[in-house]
Amino acid sequence: MAFDGITVAALAKEIDETITGGRISKIIQPESDELILTIKNNSKQYRLLLSSGASLPLVFLTQNNKQAPMNAPNFCMLLRKHLNGGRILSVEQPGLERILILTVEHRDEMGDLRSQKLIIEVMGKHSNIILVNENDVIIDSIKRISCNISSVREVLPGREYFIPQTQQKADPLTISEQEFHETVFSKEMPLFKALYLSLTGLSPLIAEEICCRAGLDPDSGAAMQEEPSRVHLYHTFAAMMEDVRNGAFKPEVIYKEKEPFEYAAFSMAQFSNLQKTEYESISALIETYYAEKELRTRIRQRSSDLRRVVQTALERNGRTLSLQEKQLHDTEKRDKYRIYGELLNTYGYGLTGGEKELEALNYYTNETIRIPLDPMLSASQNSKKYFERYNKLKRTAEALQERIEDTRADVQQLENIANALDIARDETDLQEIRRELVDYGYIHKHTGVKGARKQAKSAPLHYISSDGYDMYVGKNNYQNEEVTFHIANGSDWWFHANDIPGSHVIVKGKGGELPDRTFEEAGRLAAYYSKSRMAPKVEIDYTLRKNLHKPTGGRPGFVIYHTNYSLIAEPDISDIQEA
């Protein structure tokens, strides 16, 4: 989701209501392109994060703080000189631009009141934080932009500040119906594209939402719209702009396949079939959304090397298993050689030598068969040759069956590790997965440095059922082993996706029967933390812990059971409380 003008409008309203009238008590610059202002207002303390990062520019109120550098950067020192102790007079957004303007009243060196503006431009790679005086002359900026960098506008001390009009878009808050028709429907392009290219502050997502609310196809041609559709689209657009003016925002995050997919300052009708989470505060939404996205991205990046190891090992074991099964299939003809040997011993007395085959009755099937012979060998020698082939293939089959079982165990373990990587939440989870890969020879063990700190141990997930029962979920093979054989006792219940890599789920009993609702919630946990978490329904096996057995020498998390029940569960745990 783009940080569009409507999102900035929601932020401007929230920030204005929260910190206007307050005083700036602290300014830090934890990153080269990031500021945190601490404001005291109405006996409360607030922090305003301002980031002009090219990849992820952000503005939001937060309760979290960051460590200030030992030596403050020059721009931070300049802001402290001009703004520290200053009172915030207003927080404004010009039109629907992606710009916030904080007007701050502050006394100068002579004790006279001065008014400066801190301007935050949230414009992708062109984002900036600029300090200007009461005459809109730039004092300085967090990023200095010279004419060598931009031919549109210089951002340097002493230059006049202005908002660059590079795309000649109309202001959606003031545009008339006639101007809307002339601007939008004159373009030969898809309708949603004509909207966001004609009007300031609209992102493609919001443009598609306006079309959806109007019941029009976003990809239909703008110039091809009939008059009733044009009128209806304008009034749908005008209703949304009225909500912007009135501050009637309803922030929400949209989830797709269990992951944050989009967010918006309004409820999105176009995603009515997806899961949504509403927020009272747009700042809380932005902070949570990007923190969750960043966490998932960081975990994926840090687990990429482990994923490559697991994928390579899976492919190698898959090829090995395929070859072993083919070889085992080839040994199935061994009984034919045994029968040839037996029939030669029975009927070979009639051979005189030099024959190339023997036609004999197979007394196992009562059919006549032809037995190929080596004419250089006697009947007994041919029989011995066939028995030797039979015994060799029999030994090969027995050895292959053992190897196939080992290879299948490797594949099962690796598939469980791949699932563990998908549900890993933090670095300690990845450390445990790496340890298992080292323990089983998939990664070479590196000699640790003497005195190195011991790795932190990752704990299984802990949920509380609606009926108050403790439910534990293993996030990897070692944790599956722990929850099943150490946390659980014989009378507790065990859940696992049927014949699918996934987590062990344990429900701690309380001496009586589990409520049906707890069975259902434990089944949903087992479904969600399995490889089939994206499926609409998952079959779950469940049984008492006492019915589980671990084979001697079995891999971590591997169990066998012969008594179980089954249920069908949806992989949705949004309403289950995590402890």
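**Exercise 1. Overall dimensions.** Work out how the radius of gyration of the chain in this predicted model compares with that of a compact globule of 579 residues.

*Solution.* Start with the reference: a compact globule of 579 residues would have a radius of gyration near 25 Å. Next, take the value for the chain, which is 36 Å. Then look at the extents: along its principal axes, the C-alpha trace spans about 125 × 65 × 55 Å. To finish the overview, count the secondary structure, which comes to 13 helices and 21 strands.

**Exercise 2. Two helix pairs.** Classify the packing of H4 with H5 and of H10 with H11, then describe each contact.

*Solution.* Let's begin with helix H4 (residues 191-198) and helix H5 (residues 204-213).

- Step 1: their axes lie 8 Å apart, at an angle of about 125°. That angle makes H4 oblique to H5.
- Step 2: the crossing of H4 past H5 is right-handed.
- Step 3: H4 contributes Leu-191, Phe-192, Leu-195 and Tyr-196, which meet Pro-204, Ala-207, Glu-208, Ile-210 and Cys-211 of H5. By class, the residues of this contact are eight nonpolar, no polar and one charged.

Now repeat the steps for helix H10 (residues 379-423) and helix H11 (residues 427-439).

- Step 1: here the angle is about 165° and the axes are 10 Å apart. Since angles over 145 degrees count as roughly antiparallel, H10 is roughly antiparallel to H11.
- Step 2: H10 passes H11 in a left-handed crossing.
- Step 3: Gln-413, Ile-417, Ala-420 and Leu-421 of H10 touch Leu-430, Ile-433, Glu-436 and Leu-437 of H11. This contact has six nonpolar residues, one polar and one charged.

**Exercise 3. The seven-stranded sheet.** Find the edge strands of the open sheet of seven strands, and say which helices lie across its strands.

*Solution.* Write down the order, S20-S19-S17-S18-S16-S15-S21, with antiparallel pairing. The edges are strand S20 (565-569) and strand S21 (577-578), each of which pairs on one side only. Inside the sheet, strand S17 (residues 493-497) and strand S18 (residues 505-507) run antiparallel and are joined by three bridges; Trp-493 stands opposite Val-507 in S18.

Then add the helices. Helix H12 (residues 477-487) lies across strand S16 (470-473), S17 and S18, at about 145° to S16. Helix H13 (residues 516-528) lies across strand S15 (461-464), S16, S17, S18, strand S19 (538-544) and S20, running at about 40° to S17.

**Exercise 4. The three-stranded sheet.** Why does the sheet S11-S10-S12 leave one side of S11 and of S12 without a neighbour?

*Solution.* The sheet is open, with antiparallel pairing in the order S11-S10-S12. Strand S11 (259-264) and strand S12 (275-278) stand at its edges with a single partner strand each, so one side of each has no neighbour in the sheet. Neighbouring strands are turned by 30° against each other on average, direction ignored. Four bridges join strand S10 (residues 252-256) to S12, and Ile-254 has Lys-276 in S12 as its bridge partner. Helix H7 (residues 282-302) packs on this sheet, touching S10 and S11, with its direction at about 150° to that of S11.

**Exercise 5. A hairpin.** Which residue takes a positive phi in the hairpin of S5 and S6?

*Solution.* First, check the pairing: strand S5 (residues 87-92) and strand S6 (residues 99-107) run antiparallel, joined by five bridges. Arg-87 stands opposite Glu-105 in S6. Now turn to the six residues between the strands of the hairpin, where Gly-95 has a positive phi near 60°.

Technical notes:
Residues numbered from 1 in each chain as written. Predicted model: local features only at pLDDT ≥ 70, side-chain atom pairs only at ≥ 80, totals over all residues. Heavy atoms only, no water. Axes fitted to C-alpha atoms, helices over the stretch in contact; angles between N-to-C directions. Parallel < 35°, antiparallel > 145°, perpendicular 65-115°, else oblique. Left-handed = near helix turned anticlockwise from the far one by under 90°. Contact = heavy atoms within 4.5 Å. Nonpolar A, V, L, I, M, F, W, Y, C, P; charged D, E, K, R; others polar. Pairing = 2+ DSSP bridges. Rg over C-alpha atoms; globule rule 2.2 N^0.38 Å.
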